[in-house]
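Walk me through this model, one region at a time. Start with a loop, then move on to the contacts within and between the chains.

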Amino acid sequence: MKTIFVKAFSEFPGPRYRNLGPSSGQEFREEILIPAIKQYGAHKLIINLDGTCGYGSSFLEEAFGGLLRDRVVTPEEASVLVGNLVSEEDPSLVDEIREYIADESTRGS
Amino acid sequence: MKKNKIRKELKLSIDGKRHWRSIRKSVLSGNITRRAHRKKRQQLRGCQWHAEVKAPPKISLYDPRNHEKTVEFLRDLRAKVSRNAKVRICFRDTRQITAAGGLLFIAELDRLVTAYPNVKFSCIRPPVQHDSKYGNESFVTESVLNQIGFFKLIGLQEKNLPSYPNVSCWRHSQGSVAEGAIAGQLLNHVNEQLSSHDKKRLYRGAIEAISNCVDHAYPSLRPDGLGINDRRWWMFVGIMMGKLVVCVCDLGVGIPATVPKKHPKDRIKALLEWLNLKGTSDSELIHVSTYLSKSRTEQKHRGKGGKDIRELLQYYQGARLTIFSNKGCFRDWNSDKPTAGEPIPMAMIDEQKKSIQGTIIEWTVPLEELSA
């Protein structure tokens, strides 16, 4: 299993898109998540959300919901990925990301 | 001829002439001095002439009277800075500067200083106040100006003033992109006692508000006739009267202008009907915007930020959210808050006479709830 620490990407996760500012959700997805999924597979990834200053919902939606929009992962793989999320500091983040994945799956189907 | 032998009449006549000569001389010399002084004064006035902008007694947006005066002051400032080489800002009557009013003022001034770098500023400092109990001197207003960086901005020397704990914790910053590090560091700096949970909640609201500024606030130039293309946002964090205050400000077109362009008409109409509003005023459109969770029909995944901006109210009973945008003002607070007296409505809208030509989002959270 490969663990990705979001705090290694940025202590201050930023906005939704790259053009809005640094450390965006889009940047995290394209630079960190997608290469890791391609290398290790969605089922072998643990994403640790702890250690940052916080997350805007746009960042989370773009980073994780965007995986489904870009068809990088299937809805099943996305739910495995969410199952491997670690957020001890704020467990509600996992539910929130699960909701975004579910919304995106509904929209995509 | 000896002196004592002069006839008395002749002596009187000579004395009289001498007396009148001395009077004439003194008058004449006085005239010359006065004329010279007047000339000098006029010359000085000619080279030191400046347009004066008088700040109101309270730079504040919280009540209608101060709101109007503050907006007028800022409009006057824009007009004078854009048309004159020298501007003097007079704080002779200013006794109070509040968070939202102060941030709007510094944002306006920052924008003008950047757009007109050759304008020279001077200032008449706020009066020294005396506290009502012991009559001690208080430099709070000037200290606020120091803290919000007013003097640095216009290139004047800051005075060494006593430190006021309620003022020295104020921090502000600005940016043109949604940089989380700026917001995060401001929150880290203002109160080291903030728990990790509190910081995360405040950060969430702030980063979404800043993203909204960058994404939506500047679709076109600000309609103030100056033609300045400045797409920055400003943020303030401080403690005032036992409350943590976080403000995010932009000088864009305002929420009432962006709502009809960014959202489908039928959705806005449905919300207006649901809220029993007509949608004719800015404050009503701000109220509607807080319920518009989706940005556009074709981009349903977007528009999560509005939720984050209101979310803070769910966690803290005494928290308040205030949104000023153009002429509108929208206030919201935790609906579960127990009230001793009359029931407080969940949200309140308040239309003002004049437009701030921009948007300020302000959260206040009681410190005792943050440290709990």
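A:Arg71 sits in the loop between H3 and helix H4 (75-83) of chain A. The model is a predicted one. The backbone at A:Arg71 deserves a look: phi is near 55 degrees, a positive value in a residue other than glycine. Most residues other than glycine have a negative phi. A:Arg71 counts as exposed because its relative accessible area is 71%, and the cut-off for exposed is over 50%.

Chain B offers a second case. B:Met241 is not a glycine, yet its phi is positive, at about 50 degrees. It belongs to the loop that links strand E9 (233-240) and strand E10 (243-250) of chain B. With a relative accessible area of 78%, B:Met241 is exposed.

Now go back to chain A, to another loop. A:Ser23 is placed between helix H1 (6-9) and helix H2 (25-40) of chain A. Is A:Ser23 buried or exposed? Its relative accessible area is 15%, so A:Ser23 is buried, the limit being under 20%. Which residues touch it, leaving aside its neighbours within four places in sequence? The contacts of A:Ser23 are A:Phe9, A:Ser10, A:Phe12, A:Pro13, A:Gly14, A:Pro15 and A:Phe59.

Next come the charged pairs. Over all chains, the structure holds 32 salt bridges. One of them pairs A:Glu62 with A:Arg16, at 3.0 Å from N to O. A:Glu62 lies in helix H3 (residues 57-69) of chain A, while A:Arg16 lies in the loop between H1 and H2, so this salt bridge ties together parts that are 46 residues apart in sequence. Both partners are covered: A:Glu62 is buried, and so is A:Arg16.

A salt bridge in helix H5 spans a short stretch of sequence. A:Arg98 and A:Asp95 meet there through their side chains, at 3.2 Å from N to O. Both residues belong to helix H5 (residues 92-108) of chain A and are three residues apart, about one turn of the helix. A:Arg98 has 41% relative accessibility, so it counts as partly exposed. A:Asp95, at 47%, also counts as partly exposed.

Helix H5 of chain A also takes part in a link to the other chain. A:Glu96 forms a salt bridge with B:Arg204, and the closest N and O atoms are 2.7 Å apart. Why does this pair join two chains? A:Glu96 lies in helix H5 of chain A and B:Arg204 in helix H8 of chain B, so the salt bridge runs from one chain to the other. A:Glu96 and B:Arg204 are both buried. Within chain A, salt bridges that share partners build one network. Its members are A:Arg16, A:Arg18, A:Arg29, A:Glu30, A:Glu31, A:Glu61, A:Glu62, A:Arg69, A:Asp70 and A:Glu104. The pair A:Glu62 and A:Arg16 is thus met again here.

Turn to the interface as a whole. On the side of chain B, 28 residues are in contact with 28 residues of chain A. The two chains bury about 2,100 Å² between them. Of this area, 53% is on carbon and sulfur atoms. How many salt bridges cross the interface of chain B and chain A? The rule finds two. One of these joins B:Lys200 to A:Glu89, with the closest N and O atoms 2.8 Å apart. Between the chains there are also nine residue pairs in polar contact, both residues at pLDDT 80 or more.

Which helices of chain B supply the side that touches chain A? Helix H7 (180-190), helix H8 (196-216) and helix H12 (305-315) each give at least two residues. The largest share, 11 residues, comes from H8(B). By class, this side of chain B has six nonpolar, 11 polar and 11 charged residues.

End with a covered helix of chain B. Helix H11 (residues 282-289) has eight of its eight residues buried. They are B:Asp282, B:Ser283, B:Glu284, B:Leu285, B:Ile286, B:His287, B:Val288 and B:Ser289. What covers the buried residues of H11(B)? The cover includes helix H9 (255-262) and helix H10 (265-274) of chain B. Strand E11 (320-325), strand E12 (328-333) and strand E13 (347-349) of chain B are also among the covering elements.

Methods: Residues are numbered from 1 along each chain as its sequence is written. Chains are lettered from A and ligands numbered from 1 in the order in which they are written. This is a predicted model: local features need pLDDT of at least 70, side-chain atom pairs count only at pLDDT 80 or more; totals for chains, interfaces and linings use all residues. Side-chain values use heavy atoms; hydrogens and water are left out. Contact means heavy atoms within 4.5 Å. Buried area is the accessible area (1.4 Å probe) that two parts lose on being put together, summed over both. A salt bridge is a side-chain nitrogen of Lys or Arg within 4 Å of a carboxyl oxygen of Asp or Glu. A polar contact is a pair of N or O atoms within 3.5 Å; within protein, one must be able to donate a hydrogen and the other to accept it, and residues adjacent in sequence count only if both atoms are side-chain atoms. Helices (H or I, at least four residues) and strands (E, at least two) are DSSP runs, numbered from the N terminus. Ala, Val, Leu, Ile, Met, Phe, Trp, Tyr, Cys and Pro count as nonpolar, Asp, Glu, Lys and Arg as charged, and the others, Gly among them, as polar. Buried means under 20% relative accessible area, exposed over 50%, partly exposed in between (1.4 Å probe, protein chains only).
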